[in-house]
Amino acid sequence: MTQIQAFDMVLFGGTGDLVMRKLLPALYHQHQDGHLPEQGRILCLGRSQPDQAAYLTMAESAARQYLGDYFNGADWASFAARLVYLKLDAGDKTAYAALSERLNEYPEHVRVFYLATAPNLFAGICENLASVGLNKGGARVVLEKPLGHDLASSQAINAQVGKFFKESQIYRIDHYLGKEAVQNLLALRFSNTFFEPLWRREWISDVQITVTEQVGVEGRGDFYDKAGALRDMVQNHLVQLLTFIAMEPPASDNPDAVRDEKLKVLRALRRFGSQEVGQKTVRGQYKAGASAGKPAVGYLDEPGIAPDSRTETFVALKAEIDTWRWAGVPFYLRTGKRMQERLAEIVINFRQVPHSIFQLPSSTTSNRLVIRLQPDESVKMYLLAKQPGDQMKLKEVHLDLDFDEIFKTRRPDAYERLLTDVIRGRLTLFMRRDELDEAWRWVEPILDAWEQSDDAPKLYTAGTWGPAASSALLSRDGFCWHEEG
C-alpha cells in the first residue's frame, strides 16, 4: 500500500451521526492497522460540545458502540491524540480565522474538508474556507449526498462549490463504491480474459441490482418524506453500480479514463417517457407488518410523516442501455425500506444453453454471477453439475470466491477506502460533476410523472419483498427476481 502523506482532515458536522457512526470508526481502523502517518490530524468541528475533553468523552462512547470488538483502549488512546475539537459555527465567517490558524501550524499537510452537513450549508462553508485561503494548493473538499433534490438544485450546488474549488479538488462521495466487492467487480471484469467475451448481450439475459433495508425511516421522517427512495437510493447508489457493470473497458485506471466510460453509460440510458414510467417503474410504500421478528408500523404512522404522504419507500424499475453491448438486456433496479432482508447484491443472469442434451432443473437462471455487497461481501458463480449417482441428474452448485478465506485479513470498510483515497488524491471512486448531471437527467422524468399522476404508491406489508407489481415487472419479460428463482 502506498504510504499516506501527512494530512489534516477537517470534519464539518463533527458531532453528527455520520462522523460518529462511520467516519471516526473508519479512521480509527486505518490508524489501528498502521496505515495513517504519525503526522495526521483529524479536526472535528461542531457547536454542541463545550471543549476538547467533552468531545473526546462523546467520541469514545460512540466508538465503543460502533466498533464493538474492534475497540481497544490503548489503540483508542493513541487515535484520540489525533483528534482536535474546535467549537465552530459553520455559518459564521469570522470563526474561520481560528480554523486557518490551526491548519497553518502545518502548511505542508494535505488538507481535506469533509462536509458532513446538510447540502444547504455547502456553498457557505466553501465560501468561508476560500475567504481565509483554505481552498488553495492541494486542498480537497468532500461532499456528502444528497446533492440537491433535482437537476436544477444539484447544478446550483455544484456551481456554488465550483466558484471556490476546482473540479479536481471536489470529491462527491458514494460509499457503495468503496466496498471491496464493487472494486472486485472491476478486477474481475478487467483483469480476467474469460469474462470479457461473455459480458455482453449475446450471453447475458438480464441484470438485477438490489439494495434493500429492514429498517424504516429511523427518526429521519422529516428528511425522508421530502426525498423518497428514488432520490435517496436510485439516483446515486444503484445508478453508480449500474455504470460499473455496464461500462466499457477504460484505457487505464486513470480516474478520468474510468469516469469517462461511466459517463458514456449514463448518456446511453434510455430516457423514460410518461407512458413508459407507468409500464417500467413501480413505486411502493410500506404498511404495518413485522420486521426482524418485531411489529413494524406503517410508513404513514412513522414520526414526521404527513398522514396523506405519497412518498415512495420502494422503487423497482426496468432500465435499458442503448449500446451495441447491452441493447435488449434489461437492467432491473430495486430498493426499499422495511423489506424482508437487509441486502445489497448484483445478479448477472446468463442465457441458457441453446440446446441441452440433459434435463435441466426448473430454475430458469442456472448460470449466474452474484456479487453481494451486504450484509457480507462475496462473489459466487452458479452453474450446473452432475449429482453423484448412476443417473445423469444435474444440480445447481456454486463456486464461492471467499476473500476472507483467501486473504486472511480484515476487509476495510467502504469509508476507510474512500477517506484514504481522498488523502492520496485518487478520484476514481468519486462522482464527477457531469456524471451527477446525467444521473439526474435520467431520473427526473420518473419524478415528474409520479408527481403528475393521481396514482398512490402501491402498498406492501413491512417485512416482505415489496408490492406484487415488482414481481410482475419482471414476469412480463419472462424473468423473476433472484430470490424467487
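This report describes selected strands, helices and backbone features of a predicted model.

## The parallel sheet

An open sheet is built from 6 strands in the order β3-β2-β1-β4-β5-β6, with parallel pairing. β3 (83-87) and β6 (170-172) are the edge strands, and each of them pairs on one side only. On average, and with direction ignored, neighbouring strands of this sheet are turned by 20° against each other. Strands of a sheet pair through backbone hydrogen bonds, either parallel or antiparallel.

Strand β2 (residues 40-46) runs parallel to β3 and is joined to it by 5 bridges. In this pair, Cys44 has Tyr85 of β3 as its bridge partner. β1 and β4 are linked in the parallel sense over 6 bridges, and Phe7 stands opposite Val110 in β4. From β4, 4 bridges lead to β5, again with the two strands parallel; here Leu115 has Leu143 of β5 as its bridge partner.

What is the burial state of β4? Of its 6 residues, 6 are buried, so β4 is largely enclosed by the rest of the structure. In a regular strand the side chains alternate between the two faces of the sheet. Both faces of β4 are covered: one side carries Val110, Val112 and Tyr114, the other carries Arg111, Phe113 and Leu115, and all of these are buried. Arg111 is thus a charged residue among the buried positions of this strand.

Two helices lie over strands of the sheet. Helix α1 (residues 17-32) lies across β1 (7-12), β2, β3 and β4 (110-115), and runs at about 165° to β1. Helix α12 (residues 414-424) lies across β1, β4, β5 (140-143) and β6, and its direction is at about 135° to β4. Both lists of strands include β1 and β4.

## Strand β8 and its partners

Strand β8 (residues 281-287) is mostly covered, with 6 of its 7 residues buried. β8 pairs with strand β11 (residues 314-319) in the antiparallel sense, through 4 bridges. Strand β17 (residues 458-461) also pairs with β8, in the parallel sense and over 4 bridges. In the β11 pairing, Val282 stands opposite Ala316; in the β17 pairing, Lys287 stands opposite Thr461.

The strand pairs described in this report are collected below.

| Strand pair | Sense | Bridges | Residue pair |
|---|---|---|---|
| β2 and β3 | parallel | 5 bridges | Cys44 and Tyr85 |
| β1 and β4 | parallel | 6 bridges | Phe7 and Val110 |
| β4 and β5 | parallel | 4 bridges | Leu115 and Leu143 |
| β8 and β11 | antiparallel | 4 bridges | Val282 and Ala316 |
| β8 and β17 | parallel | 4 bridges | Lys287 and Thr461 |

## Packing of α7 and α8

Helix α7 (residues 180-191) packs on helix α8 (residues 221-246) at an angle of about 15°, and the two axes are 10 Å apart. Angles under 35 degrees count as roughly parallel, and α7 and α8 are therefore roughly parallel to each other. The crossing of α7 past α8 is left-handed. On the α7 side the contact is made by Val182, Leu185, Leu186 and Arg189, and on the α8 side by Leu241, Phe244, Ile245 and Ala246. Sorted by class, this contact has 7 nonpolar residues, no polar residues and 1 charged residue.

## Backbone features in loops

The peptide bond from Gln374 to Pro375 is cis, with omega near 10°. Pro375 lies in the loop between β14 (368-374) and β15. Strand β15 (residues 378-386) contains Ser378. Ser378 has a relative accessible area of 10% and is buried. Leaving aside residues up to four places away in sequence, Ser378 touches Val370, Ile371, Arg372, Asp400, Leu401 and Arg411.

Positive phi values occur at Ala292 and Arg338, neither of which is a glycine. For Ala292, in the loop between β9 (289-291) and β10 (294-296), phi is near 50°. For Arg338, in the loop between β12 (331-336) and β13 (343-350), phi is about 55°.

Which of these two residues is buried and which is exposed? Ala292 has a relative accessible area of 60% and is exposed. Arg338, at 15% relative accessibility, counts as buried, because the cut-off for buried is under 20%.

Terms used:
Residues numbered from 1 in each chain as written. Predicted model: local features only at pLDDT ≥ 70, side-chain atom pairs only at ≥ 80, totals over all residues. Heavy atoms only, no water. Axes fitted to C-alpha atoms, helices over the stretch in contact; angles between N-to-C directions. Parallel < 35°, antiparallel > 145°, perpendicular 65-115°, else oblique. Left-handed = near helix turned anticlockwise from the far one by under 90°. Contact = heavy atoms within 4.5 Å. Buried < 20%, exposed > 50% of the residue type's maximum accessible area, 1.4 Å probe, protein only. Pairing = 2+ DSSP bridges.
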